[in-house]
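Take a look at the model below. This report walks through its sheets, its helices and its aromatic rings.

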Amino acid sequence: VHTYYMVKGFTEMRINTVLIVPHFAYPVKKLKENEFLDIIPVEYPTLGHFPLSYAISEMIYSKRIWDILKEKNVIEKGDIAYSQGFTGMCAPKKRHFFHIVHLHGINMFSDLLRDNMRYFHLRLLARRAFGRADAIILLGEKFRRYVESFSAMKFVIPYGIDDRWLLPAPSKKFEPPFKVVFAAKKSLLKGFNIFVEAMIEAIKRGYPVKAIVLGNYSIRDIVDSDGDMSIIKENFDFRGEITSHEVMKKIYDECHIHITSSYSEGLPFTLMEAMSRGCVAISTDVGVVSELIVNGENGILVPVGDASAIAGALEKLIDNKELMEKLSKGAYETMRKRTTRDFEIPTLINELRKRDIFIL
């Protein structure tokens, strides 16, 4: 999704772009080649599932990319190569171009995951990619400490959002029952259990809230709540995985509050998408979320793993309609000033211009 928005922004700004994508890429496949955009699909390896299969696949894919770029002589002297994820691992050490690596999942270096061997090999891949970079993109200042050991330049370029999310401007009526949306892929790190616990706590206290759950979750994913299953069945709406942006916009417009209850994140797109539709944001203070949300101005930050704090934030909002309206407007205004085209890409270009790397 991030690649789609960025490439779309580059071409709209008339910047010549060659896009390298895996053969199955979605939603990038919706982009059309034009005078400013060439698209080269590269076969992503299919190895099946076994230990380290993902790491091996990423290494093979990266090598295929750089072999094709060399074979086709795509990158000319003075060009800029922008490697998303682990694709920069096999970039040549000796090169005639400027190489930027953007690994948005740098939260794998967080203290929470320090002893988690599941992520150890991914850190090795990340280090290899960073070691091949002239510049490393960070989503916020909080991530700078993870890359201090690398000699590459460090650019802080927070995500932007496609301006289509902002249109038409959202209009909400903050009247009960208040719909609370949780949107994430199934993972223990997303804190779904914390979300459920917080919602049950608020409902038991008599607050009129309903949960909308987006993603590959179902009622079977709720554990240790046998005594509360009637509450869950009456107040939780599981809508599955949604891939349509327009459908997501309609759901966010239907909802009043968005909850990010994650144990670890970088900067979640779902949070920014919900804020762009005027949802009041309640988020755990993870990744660089605190560089997006100003507590009490455009959202509410809560401690990680604290369901009672989330329930308390819900209750505070419901008891204060003026606060809810203020935070909703603050969320929308924040994202209105943070679009891919008018914020993210210009920030990147300015970083390059300051170092005489980019001329447009």
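Two strands count as paired if DSSP finds at least two bridges between them. Keep that rule in mind while reading, and remember that this model is predicted.

## The six-stranded sheet

Strand β10 (residues 257-260) and strand β11 (residues 280-284) meet the rule, with 4 bridges in the parallel sense. One bridge joins Ile257 to Val280 in β11.

Both strands belong to an open sheet of 6 strands. Its order is β9-β8-β7-β10-β11-β12, and the pairing is parallel. Which strands stand at the edges? They are β9 (236-240) and β12 (300-302). Each has a single partner strand, so one side of each has no neighbour in the sheet. On average, neighbouring strands here are turned by 20° against each other, direction ignored.

## Helices on the sheet

Helix α6 (residues 245-254) lies across β7 (178-183), β8, β9 and β10. It runs at about 165° to β8. Helix α7 (residues 269-276) also packs on the sheet. It touches β7, β10 and β11, and its direction makes about 165° with that of β10.

## The four-stranded sheet

A second open sheet has 4 strands in the order β3-β4-β5-β6, again with parallel pairing. At its edges stand β3 (80-84) and β6 (153-156). Each has a single partner strand, so one side of each is left without a neighbour. The average turn between neighbouring strands of this sheet is 25°, direction ignored.

Inside the order, β4 (residues 98-102) pairs with β5 (residues 135-138) over 3 bridges. Here Ile100 stands opposite Ala135 in β5.

## Two crossing helices

Helix α8 (residues 307-318) packs against helix α9 (residues 321-336). Their axes are 6 Å apart, at an angle of about 105°. The two helices are therefore roughly perpendicular.

Which residues meet? From α8 come Lys316, Leu317 and Ile318; from α9 come Lys321, Leu323, Met324 and Leu327. By class, this contact has 5 nonpolar, no polar and 2 charged residues.

## Aromatic rings

The structure holds 16 aromatic pairs. One of them joins Phe192 and Tyr217: the ring centres are 4.4 Å apart and the planes stand at 35°, so the pair is tilted. Phe192 sits in helix α4 (residues 192-204), while Tyr217 sits in the loop between β8 (209-214) and α5 (229-235). The two are 25 residues apart, and their pair links distant parts of the chain.

Are these two residues buried or exposed? Phe192 is buried, at 6% relative accessibility. Tyr217 is buried too, at 7%. Both also belong to a cluster of ring pairs, with Phe182, Phe195, Phe236 and Phe238.

Notes: Residues numbered from 1 in each chain as written. Predicted model: local features only at pLDDT ≥ 70, side-chain atom pairs only at ≥ 80, totals over all residues. Heavy atoms only, no water. Phe/Tyr/Trp six-rings, centres within 6.5 Å; stacked < 30°, edge-to-face > 60°. Buried < 20%, exposed > 50% of the residue type's maximum accessible area, 1.4 Å probe, protein only. Axes fitted to C-alpha atoms, helices over the stretch in contact; angles between N-to-C directions. Parallel < 35°, antiparallel > 145°, perpendicular 65-115°, else oblique. Contact = heavy atoms within 4.5 Å. Nonpolar A, V, L, I, M, F, W, Y, C, P; charged D, E, K, R; others polar.
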